[in-house]
Amino acid sequence: MGAEDAAPCRHAGAPPPEVVERVSGLIRSLGVEAQLLERNGVTAEEFRDALPMAIQKMRGSMSASTADRREFVQGVLGLLVAEGLADHIEEPAYGDDTVYRITVPGLDRDVAVIQKGCPDGAHSSTRWSAPEWAGEVYLWWVCDNMGFQPGVHVSKGVNRLFQRFTDDRPDRLAGVIFHSSPCGGSARICPKADRSVMIGGREVPPPCIYVFPDRDPSANEWNWRGGQVRRFPAVLLKAFRIPEDQVEHFIGDIGYRVVGGRRKTHIISRAGLGRTTSHRS
């Protein structure tokens with residue numbers, strides 16, 4: 001099974017790689033279209049020099065803003081308070097950090113949710129630290145990028161996380177969450193859409209949650225077959241009307257194994273009873 005099976009959802013209508021390459025070639029070829037450039041008041045040299053910056057600007061304007069991502073996470077976590085599943089949520093002071101502190105009845109210590117972007121980047125997967133006050137810590141990958149299937153994004157992030165998992169003094173991570181505004185829409189088809197709830201005027205499906213393994217330096221495999229238990233995933237899924245006796249069918253697993261000095265990764269995604277996919281690398 002391919003890396004796309006690391007998540008249960010798929011992007012609909014994403015252009016195939018050959019079309020993307022043709023469009024890329026078309027953009028590069030504009031630099032020799034003298035008449036076109038002249039009509040727009042640009043020389044060939046100016047076009048060549050400005051192209052990288054122009055592409056970066058286009059990417060920024062086409063991507064969801066940081067404020068949009070923040071609003072999405074706040075909307076989902078706010079549902080916990082509205083449903084009486086959390087007593088309080090302390091939102092981050094943006095510019096300082098992206099850590100949400102969640103007080104959940106029945107948990108001895110607060111839960112930390114660290115908002116990050118797409119998981120394939122080092123900043124989103126390896127550059128974070130667990131607050132001392134946290135009992136369970138989760139990375140929340142808010143990824144709107146349609147360049148890869150969601151499972152590929154998840155796989156890239158999980159592979160990067162192994163670096164933190166094997167640090168001399170690693171911060172303890174309870175799990176990861178993959179969930180953003182395209183989820184459940186026409187562009188990112190979600191098999192959990194029948195469990196959607198209204199948040200901010202639109203239907204939002206339950207998040208993809210993956211339990212991360214505990215570290216045991218004496219072992220050579222960690223949560224390889226699943227079974228690691230955390231408490232916060234059931235709380236979060238309950239906000240989406242998923243009963244406690246069904247939550248195990250909606251919580252995925254991340255496992256690692258080292259064989260012959262080589263690291264192997266096992267990612268299991270679950271989207272309901274009988275709807276499980278997995279990816280090993």
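Q: Where is Arg257 found?
A: Arg257 sits in strand S12, residues 251-259. Helices and strands are DSSP runs numbered from the N terminus (H or I and at least four residues for a helix, E and at least two for a strand). Keep in mind that this is a predicted model: local features need pLDDT of at least 70, side-chain atom pairs count only at pLDDT 80 or more, and totals for chains, interfaces and linings use all residues. Residues are numbered from 1 along each chain as its sequence is written, and side-chain values use heavy atoms, with hydrogens and water left out.

Q: What makes the link between the side chains of Arg257 and Glu221 a polar contact?
A: A polar contact is a pair of N or O atoms within 3.5 Å (within protein, one must be able to donate a hydrogen and the other to accept it, and residues adjacent in sequence count only if both atoms are side-chain atoms). Arg257 and Glu221 come in at 3.0 Å, so the pair fits.

Q: Which residues is Arg257 in contact with, leaving aside neighbours within four places in sequence?
A: Contact means heavy atoms within 4.5 Å. Arg257 has Asn220, Glu221, Trp222, Trp224, Arg225, Arg262, Arg263 and Lys264 on its list.

Q: Why is the pairing of Arg225 and Glu221 called a salt bridge?
A: You need a side-chain nitrogen of Lys or Arg within 4 Å of a carboxyl oxygen of Asp or Glu. For Arg225 and Glu221 the closest N and O atoms are 2.8 Å apart, so the name applies. The structure holds ten salt bridges.

Q: How exposed or buried are Arg225 and Glu221?
A: The scale is relative accessible area: under 20% is buried, over 50% is exposed, and in between is partly exposed (1.4 Å probe, protein chains only). Arg225 has 63%, so it's exposed. Glu221 has 28%, which makes it partly exposed.

Q: What does the salt bridge between Asp144 and Arg69 tie together?
A: Asp144 and Arg69 have their closest N and O atoms 3.1 Å apart. Asp144 lies in the loop between strand S5 (134-141) and H6, while Arg69 is in helix H4, so parts 75 residues apart in sequence are tied together. As for accessibility, Asp144 has 16%, so it counts as buried.

Q: Where do the salt-bridge partners Asp214 and Arg172 lie?
A: The closest N and O atoms of Asp214 and Arg172 are 3.2 Å apart. Asp214 is in the loop between strand S10 (208-211) and strand S11 (221-222), and Arg172 is in the loop between H6 and strand S6 (175-178), 42 residues away. At 28%, Asp214 counts as partly exposed, whereas Arg172, at 55%, is exposed.

Q: Why does the span of helix H4 agree with what's expected?
A: The expected span is 1.5 Å times one less than the number of residues. For the 17 residues of H4 (66-82) that gives 24 Å, and the end C-alpha atoms are 24 Å apart, so the two agree.

Q: Which residues of H4 are buried?
A: They're Phe72, Val73, Val76, Leu77, Leu79 and Leu80. Seen down the helix axis, the buried residues of H4 fall within an arc of 135° (taken from the directions from the axis to the C-beta atoms), so they line one face. Glu71 and Ala82, on the other side, are exposed.

Q: Why is helix H6 called largely enclosed?
A: Twelve of its 16 residues are buried, so the rest of the structure largely encloses H6. One of them is Ser155, which at 5% falls in the buried class.

Q: Which residues touch the most other members of the largest nonpolar core?
A: A nonpolar core is a set of buried Ala, Val, Leu, Ile, Met, Phe, Trp, Tyr and Cys residues joined through side-chain atoms within 4.5 Å. This one has 35 residues, and Leu77, Leu80, Ile102, Val111, Trp140 and Phe232 touch the most other members. H4 gives the most to this core, with six residues. Apart from this core lies another of 28 residues, including Ile114, Leu139, Leu161 and Phe212. In soluble globular proteins, nonpolar side chains tend to be buried together.
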